Each structure stands twice: as C-alpha cells, then as structure tokens.
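Please explain how this protein chain is put together, starting with the whole and ending with single residues. Plain wording is enough.

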Amino acid sequence: MCGIIGYTGRRPAGPIVIEGLRRLEYRGYDSAGIALFDSDHELYVAKATGKLDNLDARVEGQLPPAVAGIGHTRWATHGAPTDGNAHPHLDPTGRVAVVHNGIVENFEALRRRFEAQGDRFISDTDTEVIAHLLAERLALGDDLAEAMRVTIPLLEGAQAIVAVSVDDPGRLVAARVGNAGGIVVGYGDGEHFVASDLAALLPHTRRVVFLDPGQIADVRLDGVSYLDAAGHALEKPIELQPFDPVAAVKGRYKHFMLKEIHEQPDVALDGVRGRYSTDPARIELPELAIDRTRLERIQRVVLVGMGTSMHSATVGRHYIERFARIPAEVDNAAEFRYREPVLDDRTLVISVAQSGETVDTLWAMEEARRAGCLQVAICNTPGSQATRVADATVFMRAGPEIAVASTKTMVGSMVALHALALHLGHLRGTLTPDQLSEQVTGALHIPSAIGDALLLEEAIEELAGRYAEYEDFLFLGRGLAYPMALEGALKLKEVSYIHAEGYAAGEMKHGPIALIDEHMPVVAVALDDDLHDKMRSNIEQVKARRGRVIALVTEGDTSLDGVADDVLALPRVLPALQPLVAVIPMQLLSYYIAVRRGADVDQPRNLAKTVTVE
Ligand code: F6R
C-alpha cells in the first residue's frame, strides 16, 4: 500500500517524480505529495487530496528545477485522506521530509514524547514522528543515513521509509524495516532512483537492487551504498530485471483491467513455455532447485494467500491432492498466522502472492520459517520478499499487473500450481505416465482455450447491460468451480461495488437459498465434469424460486437450455483445467458491469494493489 518514488540525478526531478507516482497510483490513491529541492536547496513541498491529477494540477507550471526529490501516493491508515495527512511529512524545522509505507505501531508514545518537549504535530498520521526522530538525530550531528539507522529500532511495526534533508540536498536515504512493502533502488545513467516497486523504475532502468528487511540504501548522485542494521557496509549486486516497460502501458485498451484480461492467453502460454513438453510427456521446473529427498519427505502441504491469490491456492489444493496425493489444506494467510498452526519440517508451505509483498502472506511465511517448513512461493514479482523467504519460487510469468483487481495473475498462478503439483506427483510416483501425458497435453491447449473463452466478450458485454442494475448476486460452483464462484463474487464486489457472495453450491440449501428471488441473479458454474448433474439440480432449485440464472456450461452441453435464463458456453478443456477458462467470463462480466455503472475500474475505491498493513 502507498507508492513511493525518489530521484537524484541531472535531469529535472519534478516531472520524473510525478511520472513515477503515476505508475504507482494503483498502490494507493486517496492523496499524493512531493518534496523537491529547489535551486536554493530548500524544500518545495506540494500535496493534494484525491487522485494524482489533483496534485498535477496544483503544481502545474510551478515545479522548481530540482535535482532530487521524493513523492508518495497514499492509502490512508492513520488519519483521513486530507492534504495535511498526505506525505511527505516534515519535522518542525522543515529540514527533513519523509515518505512512508507501513504503520509505526508505537507512534502515539513517540508523539507524546515529542509533544512533551514542545514539538507541534500538524498531521494525524503515524508517519510524522519519523521526521521528528530523524531531525532529532541530525541535530545531534548524525548524517542522514546514520540518523535513519538509529531511528529504525525505535519504530515498532514493519515499514518502508525514504527521507531527504536540506543539510544534504541530492541525497535520498531509504530503509526497509520488516515486511511492509519493498524498496527497490534503480541505477540509471548519471542518476539513481528509489521506489516501492519496480513498475515506477521500468521506463528508466532495469538495473536494480532490492533491499532486504533491516537494510538501508544511501542514494546519492554519484553512487549508492548499503548498510545493515548494525551500520556495516553491505555489498549488494545489481540485478537486471527482465520486465518489458511496454507491458506496463494501456495500449489500445480503455482500462488496464481489460488489457490484462486479454493478455491471459499469453500468460498461460508463458506459464507452460519451457515447462511442459510432449513425446514423452515431461514437466521441467528448473526453478524448483530443492533437494529431491526433501521433496520426497513432504507429508503435508499448506497453501496460503489472500483474496484472489487464496482462490488460486484453493485450486492448487485440488491439484496437490489429485496429482501428488499429499494431504493438502488451504488457509487465508491472515488467519493461518494467528491460529497457532501445527507445522514441521515435513510440511511444505506454498504461498501464493502476485506482489510477493502482502504483509499477511509474509507473516504466514515467517510462521512457516520458524517451524522449519519447506517453502515454495508462487509469485509474480521478481525480487519481492516472498521470493526471498521461500526456498524456491515458481513464477506466475504474468508481467506487471497494474489494475488493482487481479486477473491475469490468477491464470498465471493456477498454471504454476498445476505445474508444481504435476512435478511433485511425477517425483513421488503418484502420477502414471498416461495421467502426466493427459495433463501436459491439456495444459498446452489452455492458451488457445482461453483465447476462445475471450470470444464471449461481446455476448458478456450485452449481458452486463441487462444485469448492471441488480444490487445482489450469488455465485455458485462445486469442486474446482467453487473457488471460481468465490472469485466471481470477489471481482464483482471489487470493481462494481455490487454485493455478491460466492458459495459452494451444495451449501446453498443450508441458508443462502432464503435469499433467492427474481432480484438476485445467480451465476452458476456448471461445466462438464463429475459434478454436473448435482449442479444442474442446484440450478433447478434456484429456478423453482423465481431466481434468474446465468449458467456457464461447456460447449455442446444443451442440458440447461430453456432452464437457465442465460447460458454462456465455454471451450471444452480437461476437468482439472476448467478453472482456467471459467474465470474468464467472471472477469469480463465484472468488468462490463462496472463500466456500465461508471465505476473506477482500474482503481476501485478503498482498495490498494499491494496490501502491506494487517
Ligand atoms: C483481488 C485482489 C486482491 C489480491 C490480494 C493478495 O482482485 O487483487 O484480493 O489478490 O490482495 O495480493 P497478492 O497476490 O499480491 O498477495
């Protein structure tokens, strides 16, 4: 949550910081602010509530020709979204400016200490105390990096911080404390950057260094040095990032969400490319560089994630049980951590996270690390914290996902989980060559099947026109379609603000059926599998109560014609791979209903792309 950008170099810093914020706006967008060094090396600070356009309008024609600066786009935790609470925050003398992501959990105690000595606070945020603490150390003679190092242990909670000081114009000091969002340092030509995530740096450089928790980057025009918490210098090698900057722009699409929905055939293709081959059928996961005996010793698998990633993890649980025959469970990472889970070194914990920075998921991974579990991350973001904590990462290979609502990374994560489960099954001898061959062939067909599912777009846009005014929806599915029902409901809630619930269809008659009438459309996933007849009965039960049904069926299945009000036929794929096509109409329906309702599709209210607070 919250986007951070910093720049020092020979180009005018202002436009670079603002443009960086634009790329980070998906992380938080209730206010934004910048601090730039003007030609007298004093700080020029501007802030505005609301979207970045408001800040842009406020600074138009006024940006000083600065050589360095920082910027922030906010997702409020402490203090309402107002100009005063927007970052950067300054110390009382205006010499230090700070941008921050995370929560200073003990800020009230720190604030009281400063107030007792006469300091005045002008915001309601937890962040402002960091500026006071840094200024206190600078007044004692520390330089900015040392001030940061000494300040960090005084802050409870996890955070990412970037600070500048008028005593040292052109210098940015960044710190990562715990697991609250990353800090990445970018190396340009005669210039350096810091950012909360890679997307902001891609137009400028692909040469980057990620900070680990407890590390500090001292960024100057002529170089960057790194410190650990004890003040020892660190050598951190520069990594070359493969992301293509072109992938981070909207192109011909009206919204990133639509663009990302359409990228899914390619995401599926990238997911199988080099991993699956036929004649004979093989799965190659070179990134799973874990000792074979460790993988063979696994007795239990726990999958964790949040939101859409948890829904992928639920599909992953089916795959692990079905193909590797290992008992598997799935948990919401935020609950997992606090229920004192029973874990040991024969438990494999698979964490699914697009960002690799979701704090709930990172805490669950920490719990697993303490218990000595083997850990595999399914992640989309190279260099992110999840990839550092895990013993190995199977990447989603989806490229940057900018829309706040996840779409293509769900496909990327389900493909990665399928490959992982097949790999484990093959290794442990629970998959016959025929089963492996069937799954590999089926997976190689998925990119084109997703392409075919996207051909429903026009029909779904028309459907959205007819259903956009309803205020409640129910999504039903069984087996592998159950997580799709959950995902369909989540997507609709997020982007259109319509109340929606996802249920296992068998659960419907245990309560939710009371809600059914002509005002509550039901989206029923009834693809051709072993559970199809039971799903059909559930649909009949809805119809008997005057419910309206949109059914997702497999092409060629006419059994619901004349029963469901609307039928969408999806391409036939292997039953195990049906979630990969079933998710497409869910995404399109949410998207077009949201567009109809005039919602802010790419940046829905109250949400943030990367959730770095608990
Ligand atoms: C839903 C959505 C969120 C994320 C969740 C986890 O569209 O985007 O529910 O799936 O916040 O994020 P990651 O995968 O980054 O851990």
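**From the surface inwards**

The accessible surface of the chain comes to about 22500 Å², and carbon and sulfur atoms account for 49% of it. The model is predicted, and the values that follow are computed from its atoms.

Start with the overall dimensions. Along its principal axes, the C-alpha trace spans about 75 × 55 × 45 Å. A compact globule of 614 residues would have a radius of gyration near 25 Å, and the chain agrees with this because its own value is 25 Å. Of the 614 residues, 61% are buried. Residues count as buried when their relative accessible area is under 20%.

Next comes the division of the chain. Domain 1 covers residues 3-252, domain 2 covers 266-447 and domain 3 covers 455-596. Between the C-alpha centres of domain 1 and domain 3 there are 44 Å. In secondary structure, the chain has 18 helices and 27 strands. Contacts also link parts of the chain that are far apart in sequence: among those between residues at least 6 apart, 72% join residues at least 24 apart.

A single residue shows what a buried position can look like. Q159 lies in strand 7, which runs over residues 159-165. Is Q159 buried or exposed? It counts as buried, because its relative accessibility is 0%. Its side chain still has a polar partner: a polar atom of the Q159 side chain lies 3.4 Å from the backbone nitrogen of V104.

Charged side chains are the next topic. Side chains of opposite charge can pair when their charged atoms come close. How many salt bridges does the count come to? The count is 41 salt bridges, taking a side-chain nitrogen of Lys or Arg within 4 Å of a carboxyl oxygen of Asp or Glu. Three pairs and one network serve as examples here.

In the first example, the side chains of E287 and R275 form a salt bridge with an N to O distance of 2.8 Å. E287 sits in the loop between strand 17 (282-283) and helix 8 (292-297), and R275 sits in the loop between helix 7 (264-272) and strand 16 (276-277), so the pair ties together parts that are 12 residues apart in sequence. The two partners can also be described by their exposure. E287 counts as partly exposed because its relative accessibility is 22%, while R275 is buried, with a relative accessible area of 1%.

Another pair lies within one helix. E494 and K491 form a salt bridge in which the closest N and O atoms are 3.5 Å apart. Both residues belong to helix 16 (residues 481-496), and they are three residues apart, about one turn of the helix. E494 and K491 are both buried.

A further pair joins two loops. R572 and D528 meet through their side chains in a salt bridge of 2.8 Å, N to O. R572 is in the loop between strand 27 (566-570) and helix 18 (578-596), and D528 is in the loop between strand 25 (522-525) and helix 17 (532-544), so the pair ties together parts that are 44 residues apart in sequence. R572 counts as partly exposed at 43% relative accessibility, and D528 is partly exposed as well, with a relative accessible area of 32%.

Salt bridges can also be linked to one another. In this chain, a network of salt bridges links D143, D168, R171, D218 and R220.

Technical notes
Residues numbered from 1 in each chain as written. Predicted model: local features only at pLDDT ≥ 70, side-chain atom pairs only at ≥ 80, totals over all residues. Heavy atoms only, no water. Helix = DSSP H or I, 4+ residues; strand = E, 2+ residues; numbered from the N terminus. Buried < 20%, exposed > 50% of the residue type's maximum accessible area, 1.4 Å probe, protein only. Polar contact = N/O pair within 3.5 Å; in protein donor to acceptor, adjacent residues only side chain to side chain. Domains from an automatic or database assignment. Rg over C-alpha atoms; globule rule 2.2 N^0.38 Å. Contact = heavy atoms within 4.5 Å. Areas by Shrake-Rupley, 256 points an atom, 1.4 Å probe, with all protein chains shown as cover.
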